[in-house]
Every structure is written in structure tokens, then in C-alpha cells.
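Thanks for sharing this one. Here are my notes, in the order I worked through them.

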Amino acid sequence: MNLFNMVVNYMILKVLTEKNKKLAKVCAEVKCFDNKLHKLLDNMKETMYKNKGIGLAAPQVGILLRVVVIDIGKDYFELINPKIIESSGEQQNTEGCLSCPGVFGITIRPKFVRAVGYNRNNELFEVFGENLKSCAICHELDHLEGILFKSRLAKFKDPAPNKLFWKK
Ligand SMILES: [Zn+2]
């Protein structure tokens, strides 16, 4: 075996936590679909898997570009300059975020979404999300607007204290 073939060609990136102001910024559109972007995507993918996340947005690793990676366990995909073009229905999910370690809360999200975005080769494609996948798409696209899931927590009419909906 040639040890020189074992070079790791990606890096695990540091995931910023919620106090970092970058997470509150609106991200810029990607203009260059170059090697630098591909490297960012590869690193984000490995960082997501390493942290057992189901999605990761570029601002979470300090890059203020409209780039997300998602894998809810069935299929990995990358979305660049994404837009939700249709959404319907409603679902409740217990959500968390790699940038808010240990914090979980119930959100209400669309049950179905249709989004369009570009792949790493600058080709437009459409993605359809249902249930958890819909939730993940909405969560990651929110990051591109500087929105964290904590500001989406469901407001219950029930007077029960918040602790019912928060797990630490
Ligand atoms: Zn998140």
C-alpha cells in the first residue's frame, strides 16, 4: 500500500455557535462555481457527517454564502443559491441545530416544500421535500437569511411553561 495515496482531501471545519454574529447575517449569492466552492462543499459535507447533523449551511462555518448541504439519511444533496418556490401543509418537529448545541425546541414548518437551486456545476435543479426533509430545507435556508430555529419556536396557546418544549 502506498501511504501517499492516503492523503485526506477535506477538512473538518469549526462550527460557529449562536453567539457568533455571522450567524445573524444575510448571505451573498454564489457567483463563482469554482474549485474553491467545491472544496467548501466537500468540507461542509464531512463536517456535517462528523457532527452527526442532517444539514449544514455555509454561515455556520463562517462563510457568508448561499450554500447548504443536506442529508436526512436517505440522500445527500447540495443546494447553492436556493429558493423555496412552493410550500404547503404544516408539521411540528423537535428541532435542533449544530450551532445551538444541546438546545431543542418544537417548530412548525411546512409539511411539503419545493425548492430550486444550483448544484456545484452551476446546473439548476429542483428538490422536493416532505416531512423531515422539508423541515431540514427550511431550517438550512433560514440560516442563509441569518435566522436561527430558536426564533421559529412554536407559540403554544397552552399556558404550559417553556420547559415542556425544551430539552437540555
Ligand atoms: Zn442550523
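1. Let me begin with a glycine: Gly146, just after H2, takes a positive phi of about 80°. Helices (H or I, at least four residues) and strands (E, at least two) are DSSP runs, numbered from the N terminus. Please keep in mind that this is a predicted model, in which local features need pLDDT of at least 70, side-chain atom pairs count only at pLDDT 80 or more, and totals for chains, interfaces and linings use all residues. Residues are numbered from 1 along each chain as its sequence is written.

2. H2 itself checks out on length. Its 13 residues should span 18 Å at 1.5 Å a residue (the expected span is 1.5 Å times one less than the number of residues), and the 19 Å between its end C-alpha atoms agrees.

3. H2 is also largely enclosed by the rest of the structure, because 11 of its 13 residues are buried. Here a residue is buried if 20 or more other C-beta atoms lie within 10 Å of its own, exposed if 12 or fewer, and partly exposed in between, with C-beta atoms placed from the backbone. The buried set includes Lys133, His139, Glu140 and His143 alongside Ile137 and Leu141.

4. Next, the largest nonpolar core (buried Ala, Val, Leu, Ile, Met, Phe, Trp, Tyr and Cys residues joined through C-beta atoms within 7 Å). It has 25 residues, and Met44, Leu56, Ala58, Val68, Val69 and Ile137 touch the most other members. Two or more residues come from each of H1 (35-50), E1 (55-57), E2, E3, E6 and H2, with H2 giving the most, six.

5. Which residues does Met44 contact, leaving aside neighbours within four places in sequence? They are Leu13, Leu56, Ala58, Val61 and Val69, where contact is taken as C-beta atoms, placed from the backbone, within 7 Å.

6. On the strands, E2 (residues 67-71) and E3 (residues 76-88) run antiparallel and are joined by five bridges; pairing requires that DSSP finds at least two bridges between two strands. Val68 has Leu79 in E3 as its bridge partner. The two strands form a hairpin with four residues between them, and Gly73 in the turn has a positive phi of about 115°. E3 also pairs with E6 (residues 112-118), again antiparallel, over six bridges, with Ser87 opposite Val113.

7. Finally, two asparagines deserve a look. Asn122, in the loop between E6 and E7 (124-130), has a positive phi of about 65° and is partly exposed, with 13 C-beta neighbours inside 10 Å. Asn131, in the loop between E7 and H2 (132-144), has a positive phi near 55° and is partly exposed too, with 14 other C-beta atoms within 10 Å.

Terms used:
Two residues are in contact if their C-beta atoms, placed from the backbone, lie within 7 Å.
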